[in-house]
Amino acid sequence: MLALHNGYGFGKAHFWTGDHSIAETDTVLVIGRYYNEGEFCKKIKHIRGIIAEHINETSHLLILAKAYDIPVIIADLSEINSISGGCNVFMEAAAEAPGFEICREETMPAAYRKKYDIYLMNKQQKLYLKDVQCISPEGKHTKIVANIVIPEEVHRVAETGGEGIGVFRTEFLFLNRSELPNEEEQFMSYKYVAEHMGNKPVMIRTIDVGGDKKIDYLNVEKEENPFLGCRGIRFSLQNPVIFKQQLRAILRASAFGEVGILLPMVTVLEEVLESKAIIQECKQELDRECLPFHDVKIGIMVEVPAVAYNIHKFAKHADFFSIGTNDLIQYFYAADRTNYKVAYSNQTLTEDIYGLIQHVIEVAHANHIPCAVCGEIAAKPDAIKKLLEFQIDELSVSTSLILETKESVLGTYEGLTTSSAAGGK
């Protein structure tokens, strides 16, 4: 077995296949190769753990699980078949020895409760890092910010000492409903986050649908290769009414905090220029309607190798870069990150990938543009060491990983200091 997100869970086993429903009780989801993201979002507060045959490390199901600190284990089919639907399961998603046990008791047995309590105590002990900033021996401040999927997550960002919102994944506001959220609904969500973050930055990514994020009521035409099709900014520019509605809501929210706009899946410079023109139109409309807004920074997601290689062309037209390594690696290796058969490609961090990331960071800094990494590698200790060497400005991670990431960054700095001191003797 393999733990993809550490933790402990206890609940009734629910086999999630063609059936879309999830019970509103403490549930351990048992998943083969099927899942419905909308239903998962709807019942996520009742999910205590996930045991799956296949989940890629960069899938949105896992991203959501990490956001809610839900433990996740990958198990063999034979191990999954040992579980009976409706039985109680205690799962231990520990890096060293992940596993699960079938329980007859309706409540967590005392032996398991002790393990769970020790786990919670260890997490509590990391709270001393809440107000600690990650500053290198040379004085470089690397901010640890959060990726969030729903507005209410902002409270956990504050509790764990996140220094801002690196990516507000707004597409999850569009999931699990039968119609588009209107401008007012979106405005209230963005305003809520901006207000609760105070003077800390909130980068709101415009809707990134397509690929593995499907929203039925949008009636998006089925595509043979959805990851290479009408997704991200391509979708928004081809649906200007939806795009403008969201942009107006974001601009209005900017009156209540330090809000920025992040454009996803940018491929060519013309997409950025067209988006900026539409943003200007929205500002003019809001002016005429006497609706307040502030100037906002406009950034781009660097997820496509063509953009990364030609990043100098975008530097004069963006206020910040955010490197989305989940998709960047997927497109670099031409390997679908939701396909377990080619998952090994998406988990390979070669010098070629690191070189591309370093190139983007160096061009950003040469043009006085801040640069963040917001993919899953932003919380991986080995990758963190490399990113710090590249002088990354921000690491944007799941809320549940903020303290661990701070710990990794500070540990890396401590190791560099120790090595430097030893070398000087």
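Which residues in α11 meet which residues in α13? Let's start there, everyone, and please keep in mind that this is a predicted model.

On the α11 side we have Thr325, Leu328, Ile329, Phe332 and Tyr333, and they meet Asp352, Ile353, Leu356 and Ile357 in α13. Sorted by character, the residues of this contact divide into seven nonpolar, one polar and one charged.

Now the geometry. Two packed helices are described by the angle between their axes and the distance between the axes. Helix α11, residues 325–333, packs with α13 at an angle of about 125 degrees, and the axes are 11 Å apart. Because of that angle, α11 counts as oblique to α13. The crossing of α11 and α13 is right-handed.

Next, the other partner of α13. Helix α13 covers residues 351–366, and it packs with helix α14, residues 381–389, at an angle of about 40 degrees, with 10 Å between the axes. So α13 is oblique to α14, since an angle of 35 degrees or over would be needed to leave the roughly parallel class. Here α13 passes α14 in a right-handed crossing. From α13, the contact uses Glu351, Tyr354 and Ile357, while α14 brings Asp382, Ala383, Lys386 and Leu387. These residues divide into four nonpolar, no polar and three charged. If you are following on the screen, Ile357 is worth clicking on: it is listed in the contact with α11 and again in the contact with α14.

Let me move to a single residue, Ala308, in helix α10, which spans residues 305–309. Is Ala308 buried or exposed? Its relative accessible area is 0%, so Ala308 is buried. Leaving aside residues up to four places away in sequence, Ala308 touches Val302, Leu328, Leu356, His359 and Val360. Two of those names should ring a bell: Leu328 of α11 and Leu356 of α13 also take part in the contact between those helices. Ala308 and Leu328 are 20 residues apart in sequence, and their C-alpha atoms are 8.7 Å apart in space.

My last stop is Thr399, in the loop between β16 (394–398) and α15 (402–423). Thr399 counts as buried because its relative accessibility is 1%. Its side chain makes a polar contact with the side chain of Glu153, at 2.6 Å. Again not counting residues up to four places away in sequence, Thr399 touches Ala67, Ala146, Asn147, Ile148, Glu153, Arg156, Val157 and Thr160.

That's my tour; thanks for listening!

Key: Residues numbered from 1 in each chain as written. Predicted model: local features only at pLDDT ≥ 70, side-chain atom pairs only at ≥ 80, totals over all residues. Heavy atoms only, no water. Helix = DSSP H or I, 4+ residues; strand = E, 2+ residues; numbered from the N terminus. Buried < 20%, exposed > 50% of the residue type's maximum accessible area, 1.4 Å probe, protein only. Contact = heavy atoms within 4.5 Å. Axes fitted to C-alpha atoms, helices over the stretch in contact; angles between N-to-C directions. Parallel < 35°, antiparallel > 145°, perpendicular 65-115°, else oblique. Left-handed = near helix turned anticlockwise from the far one by under 90°. Nonpolar A, V, L, I, M, F, W, Y, C, P; charged D, E, K, R; others polar. Polar contact = N/O pair within 3.5 Å; in protein donor to acceptor, adjacent residues only side chain to side chain.
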